[in-house]
Amino acid sequence: MTAGRGLIFLGAPGSGKGTQAQILATDLQIPHISTGDMLRQAIADATPLGQQAKSYMEQGELVPDDLILGLIQERLGQPDAQKGWILDGFPRNQSQAEFLDNLLTQIHHEVGWVINLHVNDDVIVQRLLQRGRADDQEETIRHRLEVYREKTAPLLAFYQAAQKLHTVNGDRSMEAISDSLRMLLTT
Ligand code: AMP
């Protein structure tokens, strides 16, 4: 991947985007930047950010933008992100997507592809119930899916219009999905 070019993984919670983002990041030797992981780490470390984010996460709500935007700006400015990066879980709404666009222009980076890992809702609920993370209670899962549909799914049209979007069928084996993604990135 050329300098400052990144990938964005969009997809509902439980679509497998975190797993695929990590596999690709290892392949391409660029950082996997997951805002969910960063927030869970902040909670584990009991930082002020973690304390502010915790209740939103437990309820399956998005954490307010002002807690996230600075975090992303700082992370994309770090040396290991200068060759490229994979964003997983960001942007999550229109204002985050606009912020990212402006930030990337400022720092002379660009979005290569936006990957939409598509999986049907019933499969997602089953997968998340099996995962058993703190915010993976059935009611919270359903709420996270609603939040995804309302706030994040509209970004698909945003990136489609920018001719960046590529939809991949996420209801397949981990290996089959990784193979599709590798093919996409080498063409
Ligand atoms: P994830 O690991 O991406 O599924 O994120 C878990 C939770 O962290 C979400 O349900 C949100 O509460 C919060 N979160 C992660 N990324 C963001 C973001 N970009 N904006 C707002 N909240 C986020």
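These exercises walk through a predicted model, from its ligand to its backbone.

Local features need pLDDT of at least 70 and side-chain atom pairs pLDDT 80 or more, while totals for chains, interfaces and linings use all residues. Residues are numbered from 1 along each chain as its sequence is written, and side-chain values use heavy atoms, without hydrogens and water.

**Exercise 1.** Find how many residues surround the ligand, and sort them by class.

*Solution.* Step one: take each residue with a heavy atom within 4 Å of the ligand. This gives 15 residues, the closest being Thr35, Arg40, Glu61, Gly89 and Gln96. Step two: sort the shell. Six residues are nonpolar, four polar and five charged. Here Ala, Val, Leu, Ile, Met, Phe, Trp, Tyr, Cys and Pro count as nonpolar; Asp, Glu, Lys and Arg count as charged; the others, Gly among them, are polar. Step three: look for the element that gives the most. That is helix α2 (residues 35–44), with four residues. Helices (H or I, at least four residues) and strands (E, at least two) are DSSP runs, numbered from the N terminus.

**Exercise 2.** List N or O atoms of the protein that lie close to the ligand's own N or O atoms, within 3.5 Å.

*Solution.* Start with arginine 40: a side-chain N or O atom is 2.9 Å from a ligand oxygen. Next, a polar side-chain atom of glutamine 96 lies 2.9 Å from a ligand nitrogen. Valine 63 uses a backbone N or O atom, 3.0 Å from a nitrogen of the ligand. Last, check the cover: the ligand alone exposes 480 Å², and the protein buries 96% of that. Areas come from the Shrake-Rupley method with a 1.4 Å probe.

**Exercise 3.** Locate the salt-bridge partner of aspartate 88.

*Solution.* Search for a side-chain nitrogen of Lys or Arg within 4 Å of a carboxyl oxygen of Asp or Glu. The whole structure has 13 salt bridges. Aspartate 88 pairs with lysine 17, their closest N and O atoms 3.5 Å apart. The pair links strand β3 (residues 84–88) to helix α1 (residues 17–28), 71 residues apart.

**Exercise 4.** Find the cis peptide bond.

*Solution.* It joins phenylalanine 90 and proline 91, with omega about 0 degrees. Proline 91 is in the loop between β3 and α5 (94–106).

Methods. A polar contact is a pair of N or O atoms within 3.5 Å; within protein, one must be able to donate a hydrogen and the other to accept it, and residues adjacent in sequence count only if both atoms are side-chain atoms.
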